[in-house]
There are 2 protein chains.
Amino acid sequence: MQDKILLGFLMDGSKTGYEIKKTMEQSTEFFFTTSLGSIYPAFKKLEREGLVEMAESIEAGRLKKKYSITPEGKKVFLNWISLKTGIAKIRDEAILKVFFFNYLSPDERKNRIEEYIKELEGHIGELLALKSRLEKKNIDAFQMTTLDMGIEYFMFMNNWYSGFLDTLKK
Amino acid sequence: MQDKILLGFLMDGSKTGYEIKKTMEQSTEFFFTTSLGSIYPAFKKLEREGLVEMAESIEAGRLKKKYSITPEGKKVFLNWISLKTGIAKIRDEAILKVFFFNYLSPDERKNRIEEYIKELEGHIGELLALKSRLEKKNIDAFQMTTLDMGIEYFMFMNNWYSGFLDTLKK
DNA sequence: TTGATATGTATCAAGTTGATATATGGAGTG
DNA sequence: CACTCCATATATCAACTTGATACATATCAA
């Protein structure tokens with residue numbers, strides 16, 4: 001499904017695979033991301049299917065392959081975005097460990113959760129920093145909304161684990 | 001990383017791959033799951049590594065391969081569960097679509113979100129039904145806790161999308 | 001009796017990750 | 001000025017994962 005995010009990022013102009021990866025790191029990273037090892041083959045496939053076009057150039061001595069979306073590609077993207085979406089599946093190792101917490105000593109449980117809460121706090125801090133950076137740029141309102149949702153999501157998680165830690169302490 | 005969940009499910013007795021998959025569907029499914037096409041090769045690998053042992057039998061005419069965890073496997077599992085855990089990455093198509101909502105008409109936006117909220121409500125209903133089913137059984141407290149967290153998580157999502165729908169309507 | 005569903009193992013194409021390779025440019029340091 | 005480190009940029013690959021499909025038997029309802 002990564003091809004859709006690539007098409008999405010091409011909707012406002014042509015980009016290289018690397019550029020898209022960097023853009024993701026500043027925007028969609030925390031709720032949807034892809035590796036470079038996936039982006040390059042995906043672009044080749046999209047090109048074969050006629051959904052994107054590629055233009056090679058050499059800038060500052062480096063090979064650049066700029067991809068742009070075709071009318072057919074736009075159609076595919078707009079169709080995808082208007083399609084019904086199923087519930088996203090989580091894959092959360094931290095919760096999985098809680099599931100098996102019976103096999104961990106009470107002290108270790110508390111330590112792991114305290115540790116994880118710190119991780120969450122750090123992550124929230126990063127997202128807040130990203131938010132103030134993006135506020136200076138003139139960014140799409142919906143893209144800012146997804147960032148806000150990310151912050152709220154991790155605050156919910158932080159909250160939940162804090163409450164869980166309290167019950168562990170009793 | 002699926003091998004850890006397999007080892008975890010073997011900690012309280014030997015099981016077949018199919019049994020584990022069915023157990024997951026009634027427990028870890030919403031925060032961590034694996035396909036059968038992944039379980040069988042994973043067990044073969046775990047067997048090669050000496051972390052599980054396999055016993056073949058034929059029950060009611062069907063071949064059964066019961067796997068049990070070895071002392072070495074227990075060590076690996078207990079080590080994994082006591083290790084520091086990083087923040088789980090989400091991969092949420094619904095949020096990705098919101099990110100690109102600029103390309104959708106206002107009416108369509110509302111429709112998609114209303115639709116998705118219904119999906120979430122249905123999912124919450126399923127989890128509540130699962131909860132009351134599990135309450136009749138004598139289930140591990142931590143395993144029940146993860147189910148509660150799942151319910152709260154989807155209620156948070158439901159809440160967030162409801163608020164988002166309100167702002168879309170203005 | 002027939003058809004649908006559940007139990008159970010297995011394989012495979014297609015896709016994904018994370019690591020690694022290759023190469024150049026630019027910035028900072030001694 | 002040389003050296004190192006990092007960013008830019010494309011590409012490949014082993015290992016793994018998914019989702020579909022195949023196969024075979026049992027069980028249950030109509």
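A residue counts as near a molecule or strand when its C-beta atom, placed from the backbone, lies within 6 Å of that molecule or strand. With that in hand, let's walk through this predicted model, beginning at the DNA.

By that measure, 25 residues surround DNA strand C. The closest are G37(A), S38(A) and G61(A) from chain A, along with T16(B) and G37(B) from chain B. Which element supplies the largest share of this surface? Look for α3(A), which brings five residues. Helix α3 of chain A spans residues 36-48, and on the chain B side α2 (17-25), α3 and β2 (62-69) each supply at least two residues as well. Sorted by class, the surface near DNA strand C holds nine nonpolar, nine polar and seven charged residues.

Now turn to how the two protein chains relate to each other. A turn of 180° with a shift of 0.0 Å along the axis lays chain A on chain B, with an RMSD of 0.0 Å. Because of this, the pair is related by a two-fold axis. If you want to find that axis by eye in chain A, go to I90(A): its C-alpha is the nearest to the axis, at 3.1 Å. Both copies use the same surface, as 100% of the contact residues of chain A recur in chain B.

That contact takes 46 residues from chain A and 46 residues from chain B. On the chain A side, the elements giving two or more residues are α1 (2-10), α4 (71-81), α5 (93-99), α6 (106-136) and α7 (141-169). Of these, α7(A) gives the most, with eight residues. The side of chain A that touches chain B is made up of 26 nonpolar, ten polar and ten charged residues.

Within a single chain there is another contact to trace. Chain A is assigned two domains, domain 1 (2-82) and domain 2 (93-169), and their C-alpha centres lie 30 Å apart. Four residues from domain 1 of chain A meet five residues from domain 2 of chain A. The domain 1 side of this contact has two nonpolar residues, two polar residues and no charged ones.

Finally, a stop at one residue of chain B. E49(B) sits in the loop between α3 (36-48) and β1 (52-59) of chain B. Is E49(B) buried, exposed or partly exposed? It counts as partly exposed, because it has 13 C-beta neighbours inside 10 Å. From E49(B) to Y116(B) is 67 residues in sequence, and the distance in space is 44 Å, C-alpha to C-alpha.

Key
Residues are numbered from 1 along each chain as its sequence is written. Chains are lettered from A and ligands numbered from 1 in the order in which they are written. This is a predicted model: local features need pLDDT of at least 70, side-chain atom pairs count only at pLDDT 80 or more; totals for chains, interfaces and linings use all residues. Helices (H or I, at least four residues) and strands (E, at least two) are DSSP runs, numbered from the N terminus. A residue is buried if 20 or more other C-beta atoms lie within 10 Å of its own, exposed if 12 or fewer, and partly exposed in between; C-beta atoms are placed from the backbone. Copies are superposed by least squares on the C-alpha atoms of residues with pLDDT of at least 70 in both. Two residues are in contact if their C-beta atoms, placed from the backbone, lie within 7 Å. Domain bounds come from an automatic or database domain assignment. Ala, Val, Leu, Ile, Met, Phe, Trp, Tyr, Cys and Pro count as nonpolar, Asp, Glu, Lys and Arg as charged, and the others, Gly among them, as polar.
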